[in-house]
Amino acid sequence: MCRNCAAPWPCGRARLDLAAEFYGHSIALAFYLAASMQEAMDDVYGLGLRPDLPALHARFLGWLSLARRPRR
């Protein structure tokens, strides 16, 4: 959950911040988000539940193509 707005992280604001922070390093951003998604899956399994994998993928990685900027 986002510390600022309590929405599922990465929320809209976090996505903007991440895209700016990792500007020009889209592969590093993808690895960071994949690791974060794995942590979220571990948390869900730790609660004795089964994660919704398509929803987690959409939340953590599905927006990445929107954050990419065309190369010049």
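Asp17 and Arg13 both belong to helix H1, which covers residues 12–21. The two residues are 4 positions apart, about one turn of the helix. In this predicted model, their side chains meet in a salt bridge, with an N to O distance of 3.2 Å. The structure holds 1 salt bridge. Side chains of opposite charge can pair when their charged atoms come close. Asp17 is partly exposed, at a relative accessible area of 37%. Arg13 counts as exposed, with a relative accessibility of 56%.

The remainder of H1 was examined for burial. Ala14, Leu18 and Ala19 are the buried residues of this helix. Viewed down the axis of H1, these buried residues fall within an arc of 135°, so they line one face of the helix. Gly12, Arg13, Leu16 and Ala20, on the other side of H1, are exposed. Arg13 of the salt bridge is thus listed among the exposed residues of that other side.

At the level of the whole chain, the model contains 4 helices and 0 strands. The pattern read along the sequence is α-α-α-α. The C-alpha trace spans about 45 × 25 × 15 Å along its principal axes. Of the 72 residues in the chain, 26% are buried. The chain exposes about 5600 Å², and carbon and sulfur atoms supply 57% of this area. Among contacts between residues at least 6 apart in sequence, 49% join residues at least 24 apart.

Aromatic side chains were considered next. A search of the whole structure finds 3 aromatic pairs. One of them is formed by Trp9 and Phe60, whose ring centres are 6.2 Å apart and whose planes are at 55°, a tilted arrangement. Trp9 lies in the segment before H1 and Phe60 lies in helix H3 (residues 53–60), so the pair ties together parts that are 51 residues apart in sequence. The two partners were also assessed for accessibility. Trp9 is partly exposed, with a relative accessible area of 21%, whereas Phe60 is buried at 2% relative accessibility.

Another of the pairs joins Phe22 and Tyr32, and this pair is stacked, with 5.7 Å from centre to centre and 25° between the planes. Phe22 is located in the loop between H1 and helix H2 (26–46), and Tyr32 is located in helix H2. The two residues are 10 apart, and their pair links distant parts of the chain. Phe22 has a relative accessible area of 17% and is buried. Tyr32 is partly exposed, at 38% relative accessibility. Together, Trp9, Phe22, Tyr32 and Phe60 form one aromatic cluster.

Two members of the aromatic cluster, Phe22 and Phe60, are also found in the largest nonpolar core. This core has 12 residues in all: Leu18, Phe22, Leu29, Leu33, Met37, Ala40, Met41, Leu56, Phe60, Leu61, Trp63 and Leu64. H2 and H3 each supply at least two residues of the core. H2 provides the largest share, with 5 residues. In soluble globular proteins, nonpolar side chains tend to be buried together. Leu18 is a member of the core and is also one of the buried residues of H1.

The contacts of one core residue, Leu29, were examined individually. With neighbours within four places in sequence left aside, Leu29 is in contact with Leu18, Phe22, Trp63 and Leu64. These four partners are themselves listed in the core.

The segment before H1 contains Cys2 as well as Trp9. Cys2 counts as buried, at 10% relative accessibility. When residues up to four places away in sequence are not counted, Cys2 touches Ala7, Trp9 and Cys11. Trp9 therefore appears both as a contact of Cys2 and as the partner of Phe60 in the tilted pair, which ties together parts that are 51 residues apart. The C-alpha atoms of Cys2 and the core residue Ala40 are separated by 13 Å, the two residues being 38 apart along the chain.

Methods: Residues numbered from 1 in each chain as written. Predicted model: local features only at pLDDT ≥ 70, side-chain atom pairs only at ≥ 80, totals over all residues. Heavy atoms only, no water. Salt bridge = Lys/Arg side-chain N within 4 Å of Asp/Glu carboxyl O. Buried < 20%, exposed > 50% of the residue type's maximum accessible area, 1.4 Å probe, protein only. Phe/Tyr/Trp six-rings, centres within 6.5 Å; stacked < 30°, edge-to-face > 60°. Arc of directions from axis to C-beta. Core = buried A, V, L, I, M, F, W, Y, C linked by side-chain atoms within 4.5 Å. Contact = heavy atoms within 4.5 Å. Areas by Shrake-Rupley, 256 points an atom, 1.4 Å probe, with all protein chains shown as cover.
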